[in-house]
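Subject: Structure for you to look over

Dear colleague,

I am passing on the structure we spoke about, and I would be glad if you could look at it with the notes below beside you.

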Amino acid sequence: MAIRVSNVTAQILYRPSEINRSVIDTLNFIQESEKRQITVSNFTFQILQSETGIFGTISNTLEIVDQANNFLAIDDRKVAEDELQFAQNAKAFGYETVEQEIEFVQQIGVIGPIIKNITHNLALHQDTSNCIGLSWEPYEIEDELDIDHWAGVGHPLSVSDTLSFIDEVFQANPLTHVINFSQSISIGKSINISDILSLSDSLDSNNLFNVSITHADFIKHAFTYYIDNKCTRKQYNRFQGEGERDGIPSVPLTFDAFFVLESLSGTKETLEIRSPESDDRQRIGFSRINRETRGGELNVFSDSSWPKIHSLLFTITALSDGCLEKINSLLNFFQNHLGEEILIHDWEGISWRGIITTPNEIATEDQDGWWTISFEFQGSIVDGSFNDQRMNITDQVIFGGEWGRSSSSELELIDAVVSSILGTIARSLEHDLGISDSVSGMLEHPILEDDFSGGASSLHGESPDVGDSTWSAHSNYKANGTQTAINSGAYYPFVPENNKIYHIEWEPRSLSESDGLETLFFLGEGLNSDPDEIGPDAYGAIDPTTLKAGFVLRKIGSSQLNACRLGDDSDGQADTVDFSDATLKAESDDIDLRLILDNWKATWYAKDPASSSWTEVRSESNLLSNDITMVGWSNNNITTTVTMNEIKITQKTEI
Amino acid sequence: MSFIIQAPYPLMQDTLLLPSPRIGNQKNLSSSVQTMISMNGKMYSYVKSKQGRKLHKWDFIGTKDKGREVIQFVKEYSDELVKVVDHDETSYLGYITINPLEISGIGREAYSWSISFEEKL
């Protein structure tokens, strides 16, 4: 079935010089299915305007009815197609309304044994874009495209119903673009039903006047609310009942009994009288307009700028008329400052600034010599402190004893500083007219202290009780101070400083000497890298352990000859002098040894452990070499042994 | 102590000797202050200073004869300057302002009356 339309021209002609109200253009096409075709040729349909006048509308109706009924598909493998394309143009000039309606009714009724598929395409294009209006005559363009598209089949295996259309509206004025969709699929039998409605709404604007286009929100939700509370219901009651205003700040009572009147102008005058009676009054006066409507509603109005009068009424009793003459002073104060601003400082510490409005109040002598008067004061509270603030505090200093001292009194200052490190310092001061301060004493600072209270493990690597370093000792030297005989020693790093005094003390015990053999207690030059080194370079005879100053406990023949020794740069036995004290020189058992090193000068001391006093066994001597880096003890043989009870190095500072 | 009123001042010719007044005698300033508040809230005060003159009022109780004596004295010197020496021996100079002077019986033979006085400075 085909429709061929050719050479059809349908147009509406009008004369621009005339303003027409309406033009009716109707084009009817009727196609009958029996003929299967419509052939229209050389058809010209036109409307010629022959009447003058003013027309408001142009109606261009194009109705095409294409009916295909009773179509019998002989060959069921063929597809029945029915395509209908329409194009309608409506051009108008100078009309208020242009209506272009295109109505399409396409029906396909197919009766056949087996229908494979029916394609029912409805392509529509309605274009009302070429509307040219007058700039000074706004016009409206209504472009409505109503499409009723339905496809019905008897026993379809599938039904495809596609509806696509494009609706475009062009308009110079603000654009309203509404697309209404309604899609429904009704079928008799099917395996499944798919109802998909895909919507795409796009808004394109080519409008020079638009600043922005918003095409997102089509739902607006707005709400208002009202909070009902006391404040909203009492806004006009500014002076009654509850309100939002803050109360007058409370002022703590000071219980000051004074009531002071102070002048602010003229002669400065301050009058202090007793406080008023407790029935004093405060009066607040204000201006407002009250209007009550006929319905009983109260309307109150007050301007915030209207003055509010604050008055105080005082009654003061027992004002004397005798020697104090308080009542006369008060009346004179009233007279001297008539109508002038004054300050009143009341018993609560509140200051008021205002005017006494009743200076002519009557004072009554209600007791012999005592008067009572009342007066009124009009003013306001001022921020400030009480004028004549008095501090009712009695400041007393109570002490016992006597402060005085005689001219010959002695002022003794005992300054004792005791600590585990420093010891005790005591000094006395003489008190003449000034203070002469002579202080003598030594400040002690331990550098090394070790009582060898460790176990039988090697002393090497052990830390002393006081000291920052560790022992470097032959493995025969133990942490408990004992040793197995070896010609080596145990040493601790020590570097004396210039201008310092050091006391180096050894307390050897259980000395066992053999003839010609020595046990040395000394300050040496250096250490072997291997602490288990043995031989002269390990027990202080030569470098690196060369003795610089120390003691030698030795036996020569059968006699104990303890001695003092000095060493030079390379010979640790350069200078040996026996103890000057014969008893200590012959001591072969326990002995305490002390070497005082004072700025590279050595003095040797020794004592019996049971004694508390030291005996100089060699006088002060200059060291032959100042290269001292360690302290310790050693044996120069593999026979003698000694147990070290304690070693100490103390730095002494004279103060 | 007595209460003395002498007139005319300064050439006193008559002296009125009265008992001490009753408790409750009064005195006050004759000055007055009137305050007004303008539309902008500013307060203005208008004063009548009266030169600081004081008003006094004493109440007395005495016999009727003393009352008549007071009437005669006031009748004679109501427009004259008088000198008052009160019960505290304080002297005042001024005018007797009571008007009318009224003596009232308060018993068989006792009468009371009041005398108001305004100082003259």
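What follows is a short account of chain B and of one cavity.

Please keep in mind throughout that this is a predicted model.

Chain B is built from 1 helix and 10 strands, and when its elements are read from the N terminus on, they run β-β-β-β-β-β-α-β-β-β-β. Of the 121 residues in chain B, 38% are buried, while the accessible surface of the chain comes to about 6,900 Å², with 48% of that area belonging to carbon and sulfur atoms. Among the contacts in chain B with a separation of 6 or more, 61% are between residues that lie 24 or more positions apart.

Turning to the empty space, rolling a probe the size of a water molecule over the atoms shows where such space is left. In this structure there are 5 cavities of 30 Å³ or more, and the second largest cavity has a volume of about 60 Å³.

Which residues line the second largest cavity? The lining is made up of S472(A), A473(A), H474(A), S488(A), G489(A), Y491(A), L527(A), N528(A), D530(A), P531(A), E533(A) and A538(A). Two strands of chain A, β20 (472-473) and β21 (489-493), each supply at least two residues of this lining. By character, the lining residues of the second largest cavity divide into 5 nonpolar, 5 polar and 2 charged.

With best wishes

Conventions. Residues are numbered from 1 along each chain as its sequence is written. Chains are lettered from A and ligands numbered from 1 in the order in which they are written. This is a predicted model: local features need pLDDT of at least 70, side-chain atom pairs count only at pLDDT 80 or more; totals for chains, interfaces and linings use all residues. Side-chain values use heavy atoms; hydrogens and water are left out. Helices (H or I, at least four residues) and strands (E, at least two) are DSSP runs, numbered from the N terminus. Buried means under 20% relative accessible area, exposed over 50%, partly exposed in between (1.4 Å probe, protein chains only). Contact means heavy atoms within 4.5 Å. Accessible areas come from the Shrake-Rupley method with a 1.4 Å probe; for residues, only the protein chains shown count as cover. On a 1 Å grid over the protein atoms alone, a cavity is a set of points where a 1.4 Å probe fits but cannot get out, and a pocket is an open set with protein on both sides within 12 Å along at least five of seven lines; lining residues have an atom within 4 Å of a point. Grid points are joined across faces, edges and corners, and a volume is the space filled by probe spheres set on the points. Ala, Val, Leu, Ile, Met, Phe, Trp, Tyr, Cys and Pro count as nonpolar, Asp, Glu, Lys and Arg as charged, and the others, Gly among them, as polar.
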